[in-house]
Amino acid sequence: MSNVLTIAQKELRSYFVSPIAYVVIGLFAVLFGVFFISSLSFILRVSLQAGMMQGAPPININEYMIRPLFGNTGVIMLFVLPMITMRSYAEEKRSGTIELLLSSPLTDMQIILGKFLGAVTLFAMMLGVTAIPMSFLFYYGEPELAPVLSGYLGLSLMGASFISIGLLISSATKNQVVAGMITFAVLLLFWVISWLGDPASGSTSSQVLAYLSVLDHFDDFSKGVIDTSHLVYYLSFITLGLFLTAKSVDSVRWRG
Amino acid sequence: MVEDGIPTNNTRRKDSLVIEVQHITKRYGPLIAVNDISFRVESGQILGFLGPNGAGKTTTMRILTGCIPPTDGRAIVAGFDVFEQPVEAKRRIGYLPETPPLYPDMSVREYLTFAARISGVKSSERAAKIDVAIDRTSVGDVADRHCGKLSKGYRQRVGLAQAVLHNPEVLILDEPTAGLDPKQIIETRELIRSLAGDHTIILSTHILPEVSQTCEKVVIIDKGHVVAVDTPDNLTSRLGGSETIRLEVDTGGVDPIPVLQGVDGVTTVTSSEEHHGVRVLETQSAKGADVRREVANAIVTRGWGLLELRSVKMSLEDIFLELTTQDTVDPPGNAETDTASPSESVSAHEHEAREAVHE
């Protein structure tokens with residue numbers, strides 16, 4: 001375990017000594033801010049209209065603002081997370097530092113978990129930044145806390161899944177840019193995969209495609225529902241990603 | 001002799017065989033990088049791994065350090081099979097790859113701290129061991145500089161500091177002097193020699209004098225095969241099939257070759273150059289036969305000037321060429337050929353001196 005933490009710490013450090021961490025956190029904060037302001041002005045407009053109509057039900061800020069905002073945050077993650085993971089293995093392979101790790105008394109899994117943990121920590125910091133504008137909503141309004149927390153849980157799980165895919169792809173190449181682009185493409189595929197099926201038809205294939213979609217599983221979290229099946233989906237996604245990364249690292253060893 | 005010089009350290013193994021490579025083969029698809037290599041290294045020895053570029057040196061070293069698995073065969077380092085018990089084996093190995101594996105954005109001290117942590121150095125001993133490694137490799141001047149900003153020589157040394165940090169039984173150094181300037185090369189060789197005894201060292205190189213100056217045992221590999229395993233001295237005498245004498249004779253224009261050919265015991269005479277009547281010649285005679293007196297006599301009795309006469313040992317260059325090329329190459333017999341033996345005896349003296357200190 002201490003080895004895992006050592007690697008995680010080193011990864012996190014390397015994000016912060018290079019511009020990556022600042023660029024990624026900065027981009028994330030700016031984009032989140034844009035979505036926040038636009039949805040805030042939307043809800044202000046809607047509630048102003050509602051206020052003019054007598055007897056209309058009050059606007060639910062969770063439903064009309066926070067939920068779409070979480071959805072948009074997922075889209076930002078789609079772009080930003082490949083930038084975090086693309087270098088993890090690719091850079092070490094290119095610079096040869098991977099030999100230090102491979103010849104040290106560490107297991108492959110310790111290295112993978114360390115890198116995963118490092119990236120997840122940076123991602124958690126990104127999400128942490130969004131808590132600042134969120135807290136204003138609680139200061140000036142009265143949103144429900146539970147759906148916000150479950151939404152954050154969903155985002156964390158989705159982000160960790162993205163990171164595990166990113167690690168897998170980074171472990172298979174020496175080129176950071178290639179790793180980043182393939183990761184983005186694969187994540188996008190998982191995002192839109194349910195579009196391939198026709199949900200109205202209810203056929204098995206469209207059910208399977210809908211099950212594979214990272215987006216469909218996220219929806220309940222943003223509504224405030226923590227469903228075990230969604231938890232299982234994300235946790236198996238992460239486990240499979242890390243397991244395949246271990247396989248990939250091993251096969252790269254064999255191939256030299 | 002060297003084995004006795006090992007300090008009594010409780011982590012140190014007492015038996016003398018530290019590295020055992022058994023029939024290692026590595027294939028990359030149809031390409032065979034290393035083909036059925038076997039050799040052994042005893043405790044405290046410096047083994048030179050010699051071969052032309054692309055012979056399989058780096059592949060063998062990466063297999064030994066557990067970075068890549070072999071297609072076939074076994075490697076046992078410090079009593080542990082590198083692939084059955086990789087973590088135990090790797091704890092006892094220090095590895096300096098061809099390009100020192102430095103993180104450019106870490107300072108030297110941070111880097112060594114990281115290396116110490118992942119190689120399992122206890123936190124209580126960490127600072128002290130890092131200081132020792134910094135001291136041994138003399139990188140103290142740059143300890144707070146970023147690794148990415150170091151010169152090639154310092155990078156190499158920081159890499160070496162990383163390798164010796166956890167005081168491993170076995171050090172595996174891939175071309176430790178590559179890219180250094182001559183002064184740094186000498187310093188690095190001295191450093192490596194000073195590490196022997198405490199550590200068993202395998203170093204690879206394609207620079208021949210390095211082997212004759214630093215190593216007690218040489219493994220020559222070519223195209224993935226081991227072509228010779230021996231001490232530099234034994235290789236020189238074993239493979240030198242004949243005794244060579246180098247002569248410089250002032251004959252005043254007369255051709256000395258028939259005369260020398262007539263000397264008892266001389267098999268062939270070759271003339272390499274001539275200027276102002278001075279001939280440079282080489283005579284070959286059967287192995288073990290010393291014909292120096294007879295040759296000198298033949299020259300002097302004719303009234304020629306004998307300007308130089310010395311027996312030439314076959315250099316590692318010659319052996320290397322002979323072993324790694326198909327067609328036999330005539331020994332070039334240049335003036336530097338016999339540097340191997342004096343430096344060998346120097347290193348032997350050093351070992352004796354160190355041994356005395358330890359006891």
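Which helix of chain A has the lowest mean pLDDT, and which the highest? The model is a predicted one, so that's a fair place to start. Helix α9 (residues 204-212) of chain A sits at the bottom of the elements with a mean of 81, while helix α7 (residues 145-171) of chain A comes out on top with 94. Taken as a whole, chain A has a mean pLDDT of 89, and 98% of its residues get to 70 or more.

As for the fold, chain A is built with 11 helices and 0 strands. Read from the N terminus, its elements simply go α-α-α-α-α-α-α-α-α-α-α. Along the principal axes, the C-alpha atoms of chain A fill a box of roughly 75 × 45 × 30 Å. The radius of gyration of chain A is 20 Å, which agrees with the value near 18 Å that a compact globule would have with 256 residues. Out of those 256 residues of chain A, 39% count as buried. Contacts in chain A also reach across the sequence: of those between residues at least 6 apart, 79% link residues at least 24 apart.

Then there's the partner chain. The contact draws on 20 residues from chain A and 23 residues from chain B. On the side of chain A that touches chain B, α1 (2-17), α5 (98-102) and α11 (228-255) of chain A each chip in with at least two residues. The most comes from α1(A), which gives 5 residues. Sorted by character, the residues on this side of chain A split into 10 polar, 6 nonpolar and 4 charged.

Note on methods. Residues numbered from 1 in each chain as written. Chains lettered and ligands numbered in written order. Predicted model: local features only at pLDDT ≥ 70, side-chain atom pairs only at ≥ 80, totals over all residues. pLDDT = per-residue confidence, 0-100. Helix = DSSP H or I, 4+ residues; strand = E, 2+ residues; numbered from the N terminus. Contact = placed C-beta atoms within 7 Å. Nonpolar A, V, L, I, M, F, W, Y, C, P; charged D, E, K, R; others polar. Rg over C-alpha atoms; globule rule 2.2 N^0.38 Å. Buried ≥ 20, exposed ≤ 12 C-beta atoms within 10 Å, placed from the backbone.
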